[in-house]
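Biologist: Could you take a close look at the aromatic side chains of this model, and set out how their rings are arranged and what lies beside them?

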Amino acid sequence: DPTLPDLVLGQPNDTVGAVLVVNTTQEPREGLTLRATVAGGKTTEARVPTLPPLGVHKTPFQIVHPGRSKTNRLELVLELRDGRARLATQKFSLSLLPKDSTRRETFVSGIDGSVQYYGFVPARPLEGDTTAPGLVLSAHGAGVEGAGQAACYAPKASLHIAAPTNRRPFGFDWEDWGRRDAVEVLD
C-alpha cells in the first residue's frame, strides 16, 4: 500500500512517500530505519516508530531527486534496517514526468502527519500569456482516487486542477476530515 508521487523532469524534487512497515514477530521492534534510494537521487533515512508485536505503521520517507535522468522510469529502493543489518528490501517504480503532465503530488498532512496524495493537472498557458492561472478543486465520489479523477480532465490554459484523494481507498465525505484534506490540497 505505497503512497508515492510522480517526479517532475527538469526541476529539483524534494517530496515524500510512505509504505507499510509490518512487525511479523511476537516482540516489539525498536530502532528500525527505512532507507530510500531513487536512482540518480539522494539516499535518505527515516526512523520507524516502535512497532508493537504484529503491528503495522505506514512510515513516511523523503524522496530527493534532481529531476534529470535518461529514462522516465526511476527505481526506488526501500530498505528496512536494524542498525547495519538489512531486514527487507522492496523496489518500486517512480515516473519522471514533464512539468506540464498530469501527475500525483504528495504532502504530509497537518491532520495526522500521514502522507497523502492528490491528482494534479497543471495549467498550460497559451504562448505569451503571463496571467497567473486559477485553481480548481475537483471532488469525487467514494471509491475514486485523485489520480483517476485528475486524468479525466484535459489541461486548461488558465487553470490548475487539483483532485484530492481524501484518505483512500474510500475516504470520507467532503465534511470533517475530508474537508480538511481538501483545504490542505488547496494550500
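Modeller: Arg 104 lies over the face of Tyr 117, at 3.7 Å from the ring centre, in what is a predicted model. Turning from that charge to contacts between rings, a search of the whole structure finds two aromatic pairs. In one of them, the ring centres of Phe 107 and Tyr 118 are 6.0 Å apart and their planes meet at 50°, so this pair is classed as tilted. Because Phe 107 belongs to strand 8 (residues 103-108) and Tyr 118 to strand 9 (residues 115-121), the pair ties together parts that are 11 residues apart in sequence. The other pair joins Tyr 118 to Phe 120, with ring centres 6.4 Å apart and planes at 90°, and it is therefore edge-to-face. Tyr 118 thus takes part in the tilted pair as well as in the edge-to-face pair, and Phe 107, Tyr 118 and Phe 120 form one aromatic cluster.

As for how far these rings are covered, buried here means a relative accessible area under 20%. Phe 107 has a relative accessibility of 15% and so counts as buried, Tyr 118 also counts as buried, at 15%, and Phe 120 is buried with a relative accessible area of 12%. The picture for this part is therefore a cluster made up of Phe 107, Tyr 118 and Phe 120, in which the link between strand 8 and strand 9 is made by Phe 107 and Tyr 118, while Arg 104 is set over the ring face of Tyr 117.

Key: Residues are numbered from 1 along each chain as its sequence is written. This is a predicted model: local features need pLDDT of at least 70, side-chain atom pairs count only at pLDDT 80 or more; totals for chains, interfaces and linings use all residues. Side-chain values use heavy atoms; hydrogens and water are left out. Rings of Phe, Tyr and Trp (its six-membered ring) pair if their centres lie within 6.5 Å; planes under 30 degrees apart count as stacked, over 60 as edge-to-face and the rest as tilted. Helices (H or I, at least four residues) and strands (E, at least two) are DSSP runs, numbered from the N terminus. Buried means under 20% relative accessible area, exposed over 50%, partly exposed in between (1.4 Å probe, protein chains only). A charge sits over a ring if NZ of Lys or CZ of Arg is within 6 Å of the ring centre and within 35 degrees of the ring normal.
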